[in-house]
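Take a look at the model below and turn it around a few times before reading on. We'll go from the overall fold to one helix, and then to the loop that comes after.

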Amino acid sequence: MKRSTVRRPTEAAAIRAASRSARPLPSVPALMAALLDANERRDREGVQLAAHRVVRASAPEVGE
């Protein structure tokens, strides 16, 4: 049986709208506190997310 994906036009519209709007990042000290908190809780995904956001907030030209 062949499966086909269902197109969701609202999903594409949401992605376009999100990419058009600027989302300010929290301050580096707040992100570092979140990083330390995630590390204490042994939340690997939280550590990775917070670390990436710290880099992006401290050097906005990275990844662009």
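Helices here are DSSP runs of H or I with at least four residues, strands are runs of E with at least two, and both are numbered from the N terminus. Keep in mind that this is a predicted model. With those rules, the protein has three helices and zero strands, so the order from the N terminus is simply α-α-α.

How much of the protein is buried? Buried residues account for 11% of its 64 residues, where buried means under 20% relative accessible area. The exposed surface of the protein comes to about 6,000 Å², and 55% of that is supplied by carbon and sulfur atoms.

Now zoom in on helix H2, which covers 28–40. A quick check on its geometry: with 13 residues at 1.5 Å a residue, H2 should span 18 Å, and its end C-alpha atoms are indeed 18 Å apart, so the two agree.

Which residues of H2 are buried? They are Leu31, Leu35 and Ala38. These residues cover an arc of only 70 degrees around the axis, which means that they sit on the same side of H2. What do the buried residues of H2 pack against? Their partner is H3, the helix at 44–58. Turn to the face pointing away from the buried side and you'll meet Pro29, Leu36 and Glu40, which are exposed.

Asp37, partly exposed with a relative accessible area of 33%, brings us to the salt bridge. By the rule used here, a side-chain nitrogen of Lys or Arg has to lie within 4 Å of a carboxyl oxygen of Asp or Glu, and the count comes to one. Asp37 pairs with Arg41, and their closest N and O atoms are 3.1 Å apart, so the pair meets that cut-off. Arg41 itself counts as exposed, at 62% relative accessibility.

Last stop: the loop between H2 and H3, where you'll find Arg42. What is the sign of phi at Arg42? It is positive, at about 60 degrees, although Arg42 is not a glycine. That deserves a second look, because most residues other than glycine have a negative phi. As for its surroundings, Arg42 is exposed, with a relative accessible area of 73%.

Terms used
Residues numbered from 1 in each chain as written. Predicted model: local features only at pLDDT ≥ 70, side-chain atom pairs only at ≥ 80, totals over all residues. Heavy atoms only, no water. Buried < 20%, exposed > 50% of the residue type's maximum accessible area, 1.4 Å probe, protein only. Expected span 1.5 Å × (residues − 1). Arc of directions from axis to C-beta. Contact = heavy atoms within 4.5 Å. Areas by Shrake-Rupley, 256 points an atom, 1.4 Å probe, with all protein chains shown as cover.
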